[in-house]
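Open the model in your viewer, show it as a cartoon, and keep the side chains ready to switch on. The stops below each begin with something to select and then describe what is there.

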Amino acid sequence: MNHLVERLLRAFAAIPESAIALLARFAIAAVFWKSGQTKVEGFAVDLVEGNFQFGWPHLSPNAIALFREEYKLPLLPPEWAAPMAALAEHVLPLLLLVGLATRLSAAGLLAMTAVIQLLVYPGAWPTHGTWAALLLWLMARGPGAFSLDHWLDARRHA
């Protein structure tokens, strides 16, 4: 039995961190991208569902109403918070997907997660804890070998 456990532990330890980082980047990017897509009209990209609408994105009137009626952030008016969130939920996930400025992008999404947890949906801590764990891992370990950050770093040190 000990031999089997040792073999399993060695197999688990051999999982490449770059693969974990890639999965973490794609998974958390999808969460925020899908949320950002609910805040805009005129532009839609959903690779999983095959939904593509290319046009000039603009803020959905529902986004401002959502910030005014449900989110009710104490420091920002809805007219500022909605476009800021929509922009961040599109730009930061894209940066994560390609692995560019990964640690800073993850930090930005972690800050958004904290705001959502503390001010909007405090009862959703299991979900937000999962997001935070992925984001903290990316901040601590970086994007892995399959990223522009890694490629740029290798070129800089060549």
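Contact, in this tour, means heavy atoms within 4.5 Å. You are looking at a predicted model, in which local features need pLDDT of at least 70 and side-chain atom pairs count only at pLDDT 80 or more, while totals for chains, interfaces and linings use all residues. Residues are numbered from 1 along each chain as its sequence is written, and side-chain values use heavy atoms, with hydrogens and water left out.

**The whole chain**

Begin with everything selected: the protein has 7 helices and 4 strands, where helices (H or I, at least four residues) and strands (E, at least two) are DSSP runs numbered from the N terminus. Following the chain from the N terminus, you pass the elements in the order α-α-β-β-β-β-α-α-α-α-α. The C-alpha trace spans about 60 × 40 × 30 Å along its principal axes. Of the 158 residues, 32% count as buried; buried means under 20% relative accessible area, exposed over 50%, and partly exposed in between, computed with a 1.4 Å probe on protein chains only. Among contacts between residues at least 6 apart in sequence, 57% join residues at least 24 apart.

**H2 against H4**

Select residues 17–37, which form helix H2, together with residues 78–98, which form helix H4. Their axes come within 8 Å and cross at roughly 160°, the axes being lines fitted to C-alpha atoms, for helices over the stretch in contact, and the angles running from 0 to 180 degrees between N-to-C directions. That angle makes H2 roughly antiparallel to H4, since angles under 35 degrees count as roughly parallel, over 145 as roughly antiparallel, 65 to 115 as roughly perpendicular and the rest as oblique. With the side chains on, you will find that the H2 part of the contact includes Phe26, Phe32 and Trp33, and that the H4 part includes His90, Pro93 and Leu94. Now pick Val91, also in H4, which is partly exposed at a relative accessible area of 39%; its C-alpha atom is separated by 9.5 Å from that of Gly36, 55 residues apart along the chain.

**Arg25**

Stay in helix H2 and centre on Arg25. Which side chain of opposite charge is nearest to Arg25? It is Asp149, 7.3 Å away, and Arg25 is buried yet has no salt bridge; Lys and Arg count here as positive and Asp and Glu as negative, with His and the chain ends not counted. A salt bridge is a side-chain nitrogen of Lys or Arg within 4 Å of a carboxyl oxygen of Asp or Glu. Leaving aside neighbours within four places in sequence, the residues in contact with Arg25 include Leu96, Leu97, Thr102, Leu138, Pro143 and Phe146.

**Three of the salt bridges**

Side chains of opposite charge can pair when their charged atoms come close. The count comes to 5 salt bridges, and three of them are worth selecting in turn.

- Lys39 and Glu89 have their closest N and O atoms 2.9 Å apart. The pair links distant parts of the chain, with Lys39 in the loop between H2 and strand E1 (40–41) and Glu89 in helix H4, 50 residues apart. Lys39 is buried at 2% relative accessibility, and Glu89 is buried at 4%.
- Asp46 and Lys34 approach to 3.0 Å between their closest N and O atoms. Asp46 lies in strand E2 (residues 44–46) and Lys34 in helix H2, so the pair ties together parts that are 12 residues apart in sequence. Asp46 is buried at 15%, whereas Lys34 is partly exposed at 43%.
- Arg68 and Glu79 have their closest N and O atoms 2.6 Å apart. Arg68 lies in helix H3 (residues 61–71) and Glu79 in helix H4, so this pair joins parts that are 11 residues apart in sequence. Arg68 is partly exposed at 42%, and Glu79 is partly exposed at 41%.

**H4 against H5, and two loops**

Add helix H5 (residues 102–120) to the selection: the axes of H4 and H5 come within 9 Å and cross at roughly 145°. Among the residues that meet are Ala85, Ala88 and Leu92 in H4 and Ser105, Gly108 and Met112 in H5.

Most residues other than glycine have a negative phi, and most peptide bonds are trans. Finish with Lys72, in the loop between H3 and H4, where phi has a positive value near 50° and the residue is exposed at 56%. Then select Ala101, in the loop between H4 and H5, where phi is positive and near 55° and the residue is partly exposed at 31%.
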